[in-house]
Each structure stands twice: as structure tokens, then as C-alpha cells.
Amino acid sequence: MALLTARGYSVQPFKCGPDYIDTKFHEAVCGRPSVNLDTFMATPDHVRELFWRYGADADVCVVEGMMGLFDGYDRDRGSSSEVARVLGLPVVLVVDAKRAAYSMAALLQGFIHFRDDVRIAGVIFNKVGSERHFQMLQQVCDDLGVACLGYLPKSATLEQGSRYLGLDFSELSNNNHVKEVDSQLTAMLEKTVEIDRLLALEVYRKQTQTLLTANPDFAVSKPRVLLARSPESFSFVYQEVVDRFGSVRIFNPENEVPDFSDADLLYLPGGYPEKHLAALVANETCRRAIKDYAEGGGRVVAECGGMMYLCRSILTDEGEMPMCGVLPYRITARRADRKLSLGYRRFVLDGREYRGHEFHYTQFVEQPETAVQVYDAKGNPVPTPVMKYKNVLASYTHLYEF
């Protein structure tokens, strides 16, 4: 994406699945929001509509996969390969080639022929040790009859740090850092990847544009939304969710006080509030205003970190920090209490089905009563609570539609 943007192309980024961290890297290099394409949270028709609506004015659309090509919530359902099938897109495999040579032939043979309706158009090798190593990998592609589009050398300077919810995106606010990494990466790819050959793989637009149909199930009202947004504390937002709102006003709970005039909904998305507790605690006026709004019947949707912010307090290794107090629960973010909760979620509330994704390590100290039973993608019950208090809907689940 960075290389294509540097060449002057308008690049529309997409991300398979529910990831809201990788999309931040996409937006940083493309200069336009990245959009999630998810076949569990949305219908195939809606995924097609998203691809065309957001990519209509772009020169190039790039869809980044997730996990392994065929890894989904139920075998390959919901996988990157399913998104490729829904959109009719060619697939370029990015393959970790570290410590592998001709044995890669057996691996790629399986990927290429596993499903006839998924077209593997080429391969880019990652973490290649030397030019000689790459020549050996080229022989693999020659023997399998698949295009070898290039490689990325093994380089410590290009490794991206991570933390307990995924890649560390804290440096993205540093434009100089982003530009430096972009410069290194694009310079390397210019030498080692056949980008023009890669671009020639685009065969989709003219063939299938007439098949586009919008999904009427996604015709929703257009509320005026007050959105809590900060670089980290409240930053896990699906672009398509925000774009469905009628109007959006943004405030930062770390240092601003919300103005609820002309707002139909307060939206508190997830993020890392536990990493910015000093600022959230210090802004007592904001916390009091949100509590008063909720107690007065204001409509609130709070997801994961936003839900934590609505609770009575958050416990850390440094102590207990007061939050808004709308929900009478404590959340522990102490290192010893971390426990991974991960997966798709589905529940029905007041006759309406909600779908989303859950990914967190924090936990409730006191398990709250739930308004509904929540299920995973396979229909198994999970202990995720959904809290309904007055006009407040709060849960660990990041919702795709509400």
C-alpha cells in the first residue's frame, strides 16, 4: 500500500475480518480510512457493496487477509478465502520463507489446489535470507506454475512491535516515524517486488461491476452521534459503522467535556483506556457529564473499553481508578488477572440480532447479570454479559451494527 501510494496511486485499503488495529496502519500510509470486510458480521451482498462503494474512486484496491488463507470461524467460513470468493478477487500469497527452500513446494501445492474457486495468482516470499535463497524459492514457483512476484528480505528494522491486543500502533501518531518506516519499506520493495506485474492481476472491476446490489437489510436510521475518540483510549471503530451515522461530533474524554445538545446517541468504542487512566480520572467533569446523561435517559452504546469507562472503577497494579459509575461494576486490568476472551459474538435483544467481535484480557471483578445469552459463531453459549440499563447498551462485544 505504501509503495503504490508513493507511486501516485489512490489506494483504497480493506481488511478481512474484525481487526481494527491493522486498519490504522492502512490509513496511515494510504491517507484514507480502511474498511473491514467480514462475512460473519455482514452478508455477502453487503461485503460486495462495501467494496464498490469505498473503492469506486480509487485507482487500486488492496484487501489484506487475516490469519491463514483458509482459517475461519468454522473451517474456512469467514476466512480470507471466503472474502476472495465473494468478491471474485485473485489472491496473492505472502509466505514466510524463513528456514525453508524446496519444501515450500509441498506447502504451496496444497494452497494452490485446495479449492478450485479460489485463484492463487502469485506469491511474495517474506523473510528471505539472501539472493541465493530467493533463487531457490523461484524454482519452487516455476515448478508449480505460479507467478513469483518477488520477496521481502529478512530485516530487523522492519519488524513491528506488539502488545497484548495486537500490533503496537502508538507510534502512528508520529508522522516522522511513519515516513521513515515507509521510506525503508518502499525502497526495498521497489527493488525486490515486481509491482507492475502485481498490478496486472487486477481483472475484477469491468467483469462484475454490473452485479452490484446493495443489501436493504442495512438501511438504518441516521442518528446524530457524539463519538468518544482518542488516539488509543477510544479508537477501535469500524469505519462503516461511523459512516452510517447521520452526523458525528467527536470529543476526547481524556481532556474534553461532551456537549450533548443535538445528539441522539453517545458512542463509547473500545481501545486502551487502561493505559490512559490518569487523564481519564483527572477529567472528572467529563465523567460526571456522561453519568448525568445516562441517568437522564440518554442513549449510550459502550463497547469493551468504552464499557470499562462506564463502570464504577478499573483496578490496576497501581491501584483502583474511579470511572463514570453508570454501571456498578469493577473491571480488573491487573497483570495477574489477565485472561484472553476472543471470538465472534451474536445475541438477540428486544427482537433484534446483534453481531460483533470480542477481544480483551481485562475481566469483571463481580460478574454482572446479563440481559441476554450471548453465543459464539458456532452457536455455543459464552459467558459474555450484555448490560441494559435505562437506554444504555454495554458489553465487551464490538458491534458491527446497532
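Contact, in these notes, means heavy atoms within 4.5 Å.

**Ground rules**

I am working from a predicted model, where local features need pLDDT of at least 70, side-chain atom pairs count only at pLDDT 80 or more, and totals for chains, interfaces and linings use all residues. Residues are numbered from 1 along each chain as its sequence is written, and side-chain values use heavy atoms, with hydrogens and water left out.

**Entry: Val 193**

I started in the loop between α7 (175-192) and α8 (195-199), where Val 193 is found. Helices (H or I, at least four residues) and strands (E, at least two) are DSSP runs, numbered from the N terminus. Leaving aside neighbours within four places in sequence, I listed Ile 124, Leu 149, Gly 150 and Tyr 151 as the contacts of Val 193. Is Val 193 buried or exposed? Val 193 is buried, because its relative accessible area is 10%. For that call, buried is under 20% relative accessible area, exposed is over 50%, and partly exposed lies in between (1.4 Å probe, protein chains only). I also checked Cys 148, which is 45 residues from Val 193 along the chain; their C-alpha atoms are separated by 9.1 Å.

**Entry: Phe 134**

Next I went to helix α6 (residues 131-144), which holds Phe 134. Phe 134 has a relative accessible area of 7%, so I count it as buried. With neighbours within four places in sequence left aside, Phe 134 is in contact with Phe 125, Val 128, Cys 148, Gly 150 and Tyr 151. I then took the distance to Asp 376, 242 residues away along the chain, and got 42 Å between the C-alpha atoms.

**Entry: the whole chain**

I stepped back for the totals. The protein chain has 13 helices and 23 strands. How many of the residues are buried? Of the 402 residues, 50% count as buried. The radius of gyration (over C-alpha atoms; the globule rule is 2.2 Å times the number of residues to the power 0.38) is 23 Å, which agrees with the value near 21 Å for a compact globule of 402 residues. Along the principal axes, the C-alpha atoms fill a box of roughly 70 × 45 × 40 Å. I looked at contacts between residues at least 6 apart in sequence, and 67% of them join residues at least 24 apart. The accessible surface (Shrake-Rupley method, 1.4 Å probe) comes to about 18800 Å², and 49% of it belongs to carbon and sulfur atoms.

**Entry: the nonpolar cores**

I define a nonpolar core as a set of buried Ala, Val, Leu, Ile, Met, Phe, Trp, Tyr and Cys residues joined through side-chain atoms within 4.5 Å. In soluble globular proteins, nonpolar side chains tend to be buried together. Which members of the largest core touch the most other members? In this core of 45 residues, they are Leu 37, Tyr 267, Phe 347 and Phe 402. Elements that each supply at least two residues of this core include β1 (11-16), β2 (35-37), α3 (44-55) and β16 (341-349). The largest share, five residues, comes from α3. I followed Leu 37 further: leaving aside neighbours within four places in sequence, its contacts include Phe 14, Val 47, Leu 50, Phe 51, Val 83 and Leu 87. A second, separate core has 35 residues, among them Leu 327, Tyr 329, Ala 333 and Val 392.

**Entry: α4**

Seven of the eight residues of α4 are buried, so this helix is largely enclosed by the rest of the structure. I noted them as Ser 80, Ser 81, Glu 82, Val 83, Ala 84, Val 86 and Leu 87. They pack against β1, β2, α3 and β4 (91-96). Gly 88, just after α4, takes a positive phi of about 70°.

**Entry: two more positive phi values**

I found Met 67 in the loop between β3 (60-64) and α4. Its phi is near 50°, a positive value in a residue other than glycine. Met 67 is exposed, with a relative accessible area of 73%. Arg 99 lies in the loop between β4 and α5 (104-113). Although Arg 99 is not a glycine, it has a positive phi of about 60°. Arg 99 is exposed, with a relative accessible area of 77%.

**Entry: His 357**

I closed with strand β17 (residues 352-360), where His 357 is found. His 357 is buried, with a relative accessible area of 10%. Not counting residues up to four places away in sequence, His 357 touches Pro 18, Tyr 20, Met 41 and Tyr 238, among others.
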